Amino acid sequence: MDYPECDVFPRNSRQWIICSNSAGLPVYKVNAYREKWGIIPLPDDTVEAVNSKEELSAKKAELIFHGYSIPDNNSSIADKPYGPGTELMIIYSDAGVPTCDACIDLANRMNNLGPAGCRILIKDIVAEIMPRAIAWLSQKHPWIMKLLPNVVSETGAYTKIHSDVMTAIKNCEDVMADRRAKRLDVLTGEQIKGCQSCSGSRDSSSNKASQAILPAAKNTTAFSIGSPPYRFITMDQYTADIMRLVKKIPNDIDYVAGVARSGLFPASAIAMLLHKPMMIISQSSGEVIPAGSGWRLNGQSYVQPKDAKILIVDDTTMTGASNKMVRHILSDRYREVVYASVYCNPHAIFGKPDIFEVELEWPHLLEWNLFNSVLSKSAAMDFDGILCHDCPAEADDDGEKYVDFIKNATPLYCPKKEPVPLIVTARVEKYRDLTEGWLKKQGIAFDKLVMHPAATTKERELDDIAAYKAEHFKNWSDSFTTDIGPNMFIESDDNQAQRIAQITKLLVVCPSTGKVY
């Protein structure tokens, strides 16, 4: 059958396929899209009869969840938050995946987290979906090849689901960016012509054809999930907390397994202190890799996995979803699985580990991942004492010794995940080429490097360095926005950190003292 009314969309585009009833969706869903786009609905005689008010309510709730307006005598539009969960449900719906209560519950939680929170917790989101995906693969549903094309393993499923969640987050960010551009920060159900559809692709033809109805979105950032004060956990504190955790480990453990990658540090310490063989767990591949036992344990008689009790160790438990996923990976391989983490969020929605040492609420900052995390793109920073170790006093001669220091400075924290958006250093401008050369050598990318305009270091010492850094940080922050978290400055000197925070009224972190201002 031909559908000329669908030619408002490019042929074979996602919208055209849905509009022309070629996507394999139930007709009532196709008609919800067509109604949204202002196109006459299809005859509904192919839809199974709705036999009860409960069934009708369920179908309406599902459509409203997806952002569709289903008017009736009593209401106009549900007061549901729009977010990445809605977009993920659309991806799955288009593939033909039937809606389930657990799917809707996860999607609602994703909507409440917003794009930023979902980026923070993406591993946990994927971990929650994985058991269902594995079941889908084993049950060979007719729609599975569309949802997980060319996937034959858990590893492939993890990769594809991770990609789908990232696509959902990006689609949601595009919609929210379009709202901001139109100064529509909150939509309350009224039709907004020209606003991008939450269910269609973001091309120009979609904009022309659609009248989107989007429920109000929560403006959530990673740090607004919790509330101040922000805690900074240093490596020294981490190590001390691991040592305390060791005392809680059962004495009948046969193996210690670290969750790659942050869990390897505490797992290694526990395995070493308890003289147990160690393994590495890869969440992405589902593999359990023997890490060896060293010559000291060569004479130990090993317990077969099916008879063994294994301890799984991670650095933090924030939602508990990773815990669930790892348990799923190992539950049929070992007699008993015990899960431990050094830090645990007391509000972990998917459950806490069996053993943990410290309750740690969000928001917090961890020294071992701050510089290569989702927060990296909003972190401006000092140079000496952060990117490299401070210059020794005997080398600070503004001459040959100082030049040698700049060329051969020992790296301290090395951001690699994202370019550093802003580096503000008290090094004087004449050393720019050497400084940039060192950054390139270390593989540290940056957007802007501000160096002091003084001609000599002696002249620079007459300046208020904290105020100088604060000025450039504030100017950058005023023009830089992100949905991930608050703009922050990472400063090596505690006194300067306090002053920068006082001047700018912005977040300043001092790793050397573990303080956040």
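Strands β4 and β5 run parallel to each other and are joined by four bridges. In this predicted model, that pairing belongs to an open sheet of six strands, ordered β6-β5-β4-β7-β8-β9, with mixed pairing. Here is a friendly walk through that sheet, the helices that pack on it, and some salt bridges worth a look in the viewer.

**The sheet and its edges**

- The edge positions are taken by β6 (288-290) and β9 (355-359), and each has a single partner strand, so one side of each has no neighbour in the sheet.
- On average, and ignoring direction, neighbouring strands here are turned by 25° against each other.
- As a reminder, strands of a sheet pair through backbone hydrogen bonds, in either a parallel or an antiparallel way.

**Strand β4 and its partners**

- On one flank, β4 meets β5, where Ala257 stands opposite Met279.
- β4 also pairs with β7: the two run parallel and are joined by four bridges.
- If you would like a landmark for that second pairing, look for Gly258, which stands opposite Val313 in β7.
- How many of the five residues of β4 are buried? Five of the five are, so the strand is mostly covered, with buried meaning under 20% relative accessible area.
- In a regular strand, side chains alternate between the two faces of the sheet.
- In β4, Tyr255, Ala257 and Val259 lie on one side, Val256 and Gly258 lie on the other, and both faces are covered.

**From β7 to β8**

- Strand β7 (residues 309-317) and strand β8 (residues 336-344) run parallel and are joined by eight bridges.
- Within this pairing, Asp314 has Ser341 of β8 as its bridge partner.

**Helices on the sheet**

- Helix α10 (residues 235-246) lies across three strands, β7, β8 and β9, and runs at about 145° to β8.
- Helix α11 (residues 264-274) also packs on the sheet, where it touches β4 (255-259), β5 (278-281), β7 and β8.
- The direction of α11 makes about 165° with that of β4.

**Salt bridges around helix α10**

- Asp241 and Arg244 form a salt bridge, with their closest N and O atoms 2.4 Å apart.
- Why are these two about one helical turn from each other? Both sit in α10, three residues apart.
- Is Asp241 buried or exposed? Asp241 is buried, at a relative accessible area of 3%.
- Its partner Arg244, by contrast, is partly exposed, at 35%.
- This pair is part of a wider network of salt bridges that links Asp241, Arg244, Lys248 and Glu357.

**Other salt bridges**

- Arg427 and Asp384 meet through their side chains in a salt bridge, at 2.8 Å from N to O.
- This contact links distant parts of the chain: Arg427 is in strand β12 (residues 423-428), while Asp384 is in the loop between β11 (379-381) and α13 (400-408), 43 residues apart.
- Arg427 counts as buried, at 2% relative accessibility, and Asp384 is buried too, with a relative accessible area of 13%.
- Glu429 and Arg432 also meet in a salt bridge, at 2.5 Å from N to O.
- Glu429 counts as partly exposed, at 33% relative accessibility.
- In total, the structure holds 15 salt bridges.

**A nonpolar patch at the surface**

- Met243, Met272 and Leu273 make a nonpolar surface patch of about 300 Å².
- Met243 is placed in helix α10 and is partly exposed, with a relative accessible area of 41%.

**The whole protein in numbers**

- The protein has 17 helices and 16 strands.
- Of its 517 residues, 50% are buried.
- Among contacts with a separation of 6 or more, 66% are between residues 24 or more positions apart.
- The accessible surface comes to about 24,200 Å², and carbon and sulfur atoms account for 52% of that area.

How values were computed:
Residues are numbered from 1 along each chain as its sequence is written. This is a predicted model: local features need pLDDT of at least 70, side-chain atom pairs count only at pLDDT 80 or more; totals for chains, interfaces and linings use all residues. Side-chain values use heavy atoms; hydrogens and water are left out. Two strands pair if DSSP finds at least two bridges between them. Axes are lines fitted to C-alpha atoms, for helices over the stretch in contact, and angles run from 0 to 180 degrees between N-to-C directions. Contact means heavy atoms within 4.5 Å. A salt bridge is a side-chain nitrogen of Lys or Arg within 4 Å of a carboxyl oxygen of Asp or Glu. Buried means under 20% relative accessible area, exposed over 50%, partly exposed in between (1.4 Å probe, protein chains only). Patches are made of residues with over 30% relative accessible area and no salt bridge: like charges are joined within 9 Å, nonpolar side chains (Val, Leu, Ile, Met, Phe, Trp, Tyr) within 5 Å. Accessible areas come from the Shrake-Rupley method with a 1.4 Å probe; for residues, only the protein chains shown count as cover.
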